[in-house]
Amino acid sequence: MKNIKYIVISFATILFAGCNDFLELTPETNEGTTLNFYKNNKDIEYALTAAYADLQNAQIYRTNLPILIDIRSDDMAVFSNIGLNSGREYSIKIFTAASDLTIFLDAWSKLYEMIYRCNNVIKYADVVNNATLRVQYEAEARFLRALCYFNIVRLWGDAPLILSPLTPSEVANCIRNSTSEVYAAIEADLKFAANPDNLPKSFSGNNQGRATSLAAKGLLGKVYLQQKKWTEAKTILGELINTDNAGTHQLLPDIADVFSTAPAHGLDDDQFWAYTGWKPQLMNREIMFCVLFNKDIAGEGRGLVVHYDRLTDFNEEFVITSPKCIYDAGDRRSDLLRLMKIAGSSANIIVKYADVVSSLSQYGFCTPILRWSDILLMYAEAANEAGFDNSAASPALKALNDVRTRSFPSGAYTTVDLASQDAFRRAVWLERRLEFPIEMQRLFDLQRYESVVSGEAIKAMKAIGLDITKDQLLYPIPYMEVSLRNDSAVFPQNPGY
């Protein structure tokens, strides 16, 4: 039974580390090492802190998910550094990675560990004596659990659905639940978290970075969209835009301000690194949920993710000097994809995630999970698929143009430009690509596009020289998980692996 740890879930010491003050709680004793730990408010807060802390882990958002999502997509060309990490990134890029590649098991295991921690918060939340706080903690845990399962179901498809803390023997009997079952659980969690009676619409001060009801509603819209539940997505995202948000979130005037405090536009390397106004990156009104990193605290910062520091690995469609560049001249977003030389180093950093290294050799740029521009573009896509409307008064057209003209003022679409549902669809798809490169969006977008227009994702990969099948849009289930159960009826490997 000792190998069951790979799906979840060591029952040993909870790591109480985090990325903001509410995530920097340090237990005064070792009381978190047993399952009878949960006795009061403090214990549940520790457990929730541990779940948030997992977001920062290298196996999830610090390193592995950016690699698994961004490198696999056509945002990256065929990876140039073949020997990096014994060819790990290259094998992921060219779709030759086998099920025994360690990164698959690491990401899978850590996501399920985080789910286990959320399950504990949910199960034992009754020990919290303040009713408002009790519901808040449960809602935060359910948001985080939904986020984990949303990543799992998009990366691997059918997966074990574990909604309460299990013993190792119970874990051993888990099956791969259907994608529809997993999505139903995700929706239930997010509906609970999206209720403003359960979570506030925003947090301030040291509590910034916690899940909010608005973020939950936006993520639920994204979950509906990925399943092609167009009407549901249009409805909930429309509510978020038109009534629920009430000015809490908005597009920032300059997209560069979403990612960095540096005045990056148009600067050369010397000017860029001579700038002295660097500040820690914090939450802003465009970011609805993100993973925060703090480069000035040991273990709370990050290194340069592999594809953030080599322009040669970008698809040439993102290189402004390329004749194939998809950005129009003057589109502010193209500037964010330049690489700037790091002072005193041979390394580079992408302007989008610009930062200066701390004395701890860490960077502090954050990982946005959900932005307001995503809400607008998701609404435009869902509304178009639910019922084409290209009129001048179309809310979908307004949402699309709001994002587009923020960075490219002269680029507003007209009703003539978008004369058919497919033309509107492809305009939204293009805008998503222009808005979110290297933000862990494109692979999942391609999965959805393939389900709307057969061959769409296959064609996109072929454009960068890769011939793939539809099955390869999912990763293989980690070899250890399949071999431990050795039962293809309830725990099969994904097709094609």
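This section walks through the fold, the nonpolar cores, the aromatic rings and the salt bridges of a predicted model.

Starting with the overall picture, the protein has 497 residues, and 58% of them count as buried. Its secondary structure comes to 19 helices and 4 strands. Among contacts with a separation of 6 or more, 71% are between residues 24 or more positions apart. On the outside, the protein exposes about 19,000 Å², with carbon and sulfur atoms supplying 52% of that area.

In soluble globular proteins, nonpolar side chains tend to be buried together. Here the largest nonpolar core takes in 104 residues, and the members that touch the most others are Phe 143, Leu 144, Ile 186 and Phe 289. Helix H6, which runs over residues 131–156, gives the most to this core, putting in 14 residues. Leu 144 shows what these contacts look like: leaving aside neighbours within four places in sequence, Leu 144 is in contact with Leu 48, Ala 51, Tyr 52, Leu 55, Met 114, Cys 118 and Phe 289. There is also a second, separate core of 32 residues, and Phe 272, Phe 318, Cys 325 and Ile 349 are included in it.

Met 340 is worth a look at this point. It is found in strand S2 (residues 339–341), and its relative accessibility of 1% makes it buried, since anything under 20% counts as such. With neighbours within four places in sequence set aside, the contacts of Met 340 include Phe 272 and Ile 349, along with Leu 267, Asp 268, Asp 269 and Trp 273. Ala 347, Asn 348 and Val 351 are also in contact with Met 340. Leu 267 sits 73 residues away from Met 340 in sequence, yet the two C-alpha atoms are 9.3 Å apart in space.

Back in helix H6, there is a charged residue too: Arg 145 lies in this helix. Arg 145 is buried, with a relative accessible area of 5%. Not counting residues up to four places away in sequence, Arg 145 touches Ile 115, Cys 118, Asn 119, Ile 122, Leu 163 and Asp 189.

Next come the aromatic rings, of which the structure holds 12 pairs. One of them joins Trp 108 and Trp 156, edge-to-face, at 5.2 Å centre to centre and with 80° between the planes. Trp 108 belongs to helix H5 (residues 102–124) and Trp 156 to helix H6, so this pair ties together parts that are 48 residues apart in sequence. Both tryptophans, Trp 108 and Trp 156, are buried. Tyr 112 and Tyr 149 make another pair: their ring centres are 6.1 Å apart and their planes stand at 85°, so this one is edge-to-face as well. Again the partners come from distant parts of the chain, Tyr 112 from helix H5 and Tyr 149 from helix H6, 37 residues apart. Tyr 112 is buried at a relative accessible area of 1%, and Tyr 149 is buried with a value of 1%. Ring pairs link Trp 108, Tyr 112, Tyr 149 and Trp 156 into a cluster.

Side chains of opposite charge can pair when their charged atoms come close. A search of the whole structure turns up 45 salt bridges. In one of these, Glu 239 bridges to Lys 217, with the closest N and O atoms 2.9 Å apart. This pair connects helix H10 (residues 230–244), home of Glu 239, to helix H9 (residues 213–226), home of Lys 217, across 22 residues. Glu 239 is partly exposed at 34% relative accessible area, whereas Lys 217 is buried at 12%.

A similar mix turns up for Arg 338 and Asp 335, whose closest N and O atoms are 2.6 Å apart. Arg 338 counts as partly exposed at 22% relative accessibility, while Asp 335 counts as buried at 8%.

Arg 371 and Glu 435 form a further salt bridge, their closest N and O atoms lying 3.2 Å apart. Arg 371 is in strand S4 (residues 367–371) and Glu 435 is in helix H16 (residues 421–435), so the bridge ties together parts 64 residues apart in sequence. Both Arg 371 and Glu 435 are buried. They also belong to a network of salt bridges whose members include Glu 286, Asp 328, Arg 404 and Glu 439.

Finally, helix H14 covers residues 372–386, and its end C-alpha atoms are 21 Å apart, which agrees with the 21 Å its 15 residues should span at 1.5 Å a residue. Helix H14 is mostly covered, with 14 of its 15 residues buried.

Notes:
Residues numbered from 1 in each chain as written. Predicted model: local features only at pLDDT ≥ 70, side-chain atom pairs only at ≥ 80, totals over all residues. Heavy atoms only, no water. Helix = DSSP H or I, 4+ residues; strand = E, 2+ residues; numbered from the N terminus. Buried < 20%, exposed > 50% of the residue type's maximum accessible area, 1.4 Å probe, protein only. Contact = heavy atoms within 4.5 Å. Areas by Shrake-Rupley, 256 points an atom, 1.4 Å probe, with all protein chains shown as cover. Salt bridge = Lys/Arg side-chain N within 4 Å of Asp/Glu carboxyl O. Core = buried A, V, L, I, M, F, W, Y, C linked by side-chain atoms within 4.5 Å. Expected span 1.5 Å × (residues − 1). Phe/Tyr/Trp six-rings, centres within 6.5 Å; stacked < 30°, edge-to-face > 60°.
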